Amino acid sequence: MSSLDPRAPLVLDTRELGRRPGSQRELELSVPAPAELGIEVLSVPEGSPVELDLRLEAVMEGVLLTGTATAALEGECVRCLEPIEDEIHVTLQELYVYPDQHDKAAEHDDRDLDDETSQLEDDLLDLEPLLRDAVVLALPFQPLCMDDCPGLCTECGARLADDPDHAHDAPIDPRWAGLQQLKQDTQD
Ligand SMILES: [Zn+2]
Ligand SMILES: [Zn+2]
């Protein structure tokens, strides 16, 4: 595992909890969103603020993180391609296990814990994977500008929500176009 950079905005230092179960710390911070936070059609713009409201609590096995994250979303409707601006609010909860506790747990357990547990490294925890998972899970698979977006006209590509009575006349048969012209001339 590569070591964490203590200056990275989503790496938090838990040292001051002192590994004393019960000690806790509340944190309110705003961090710039990492790249590709979200899904292709809807995501938190890179560098835009992610507001975090967190509580770190030392427990026997490690540090329990709970809290919320709020951020702006930008994307586009999958039906009509209209830009979407929204806000996302997710709850976060994760137990970051002390490395020695992790090894102990692994001895008693055949499962590969590396895949399932988050670990503290030198009393640092990495919030980014947790934030990513929470945001992706909270996003709709197919973002829409409104629940019943009618999409685009298959004939001309107009956005049907802007023009609900949208209709196309049957194309004029070129053989009749001349006659129509004639009729207009006689009327004049
Ligand atoms: Zn739409
Ligand atoms: Zn049309």
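Colleague: What spacing do the donors of the zinc ion (ligand 2) follow along the chain?

Modeller: Donors are N, O and S atoms within 2.8 Å of the metal (3.2 Å for Na, K and Ca), and since water is not among the atoms, sites may look incomplete. Here the spacing for the zinc ion (ligand 2) is C-x2-C-x9-H-x1-H, and the pair Cys153 and His166, 13 residues apart, links distant parts of the chain, with each of these residues in the loop between H2 and H3. The model is predicted, so local features need pLDDT of at least 70 and side-chain atom pairs pLDDT 80 or more, while totals for chains, interfaces and linings use all residues. Residues are numbered from 1 along each chain as its sequence is written, chains are lettered from A and ligands numbered from 1 in the order written, and side-chain values use heavy atoms, leaving out hydrogens and water.

Colleague: Which residues are the protein donors of the zinc ion (ligand 2), and what is the geometry of its site?

Modeller: The donors are Cys153 (SG), Cys156 (SG), His166 (NE2) and His168 (NE2), which lie 2.0 to 2.3 Å from the ion. Four donors count as tetrahedral if all angles lie between 85 and 135 degrees, and this site, with angles of 102 to 116°, is tetrahedral.

Colleague: Is Cys153 buried or exposed?

Modeller: Buried means under 20% relative accessible area, exposed over 50%, and partly exposed in between (1.4 Å probe, protein chains only). Cys153 is buried at 11%, whereas His166, at 22%, counts as partly exposed.

Colleague: Which residues coordinate the zinc ion (ligand 1)?

Modeller: Cys77 (SG), Cys80 (SG), Cys145 (SG) and Cys149 (SG) coordinate the zinc ion (ligand 1) at 2.2 to 2.3 Å, and with angles of 106 to 115° the site is tetrahedral. Because Cys80 lies in the loop between strand S6 (62–76) and strand S7 (83–97), and Cys145 in the loop between helix H2 (128–138) and helix H3 (174–187), the pair ties together parts that are 65 residues apart in sequence. Helices (H or I, at least four residues) and strands (E, at least two) are DSSP runs numbered from the N terminus.

Colleague: Which residues of H2 are buried?

Modeller: An α-helix has 3.6 residues a turn, so residues three or four places apart point the same way. In H2 the buried residues are Leu130, Leu131, Ala134 and Val135; they cover an arc of only 125° around the axis, which puts them on the same side of H2. That arc is taken from the directions from the helix axis to the C-beta atoms. Asp133 and Leu137, on the other side of H2, are exposed.

Key:
Four donors count as tetrahedral if all angles lie between 85 and 135 degrees; four count as square planar and six as octahedral if opposite donors are over 155 degrees apart and all others between 65 and 115; anything else is irregular.
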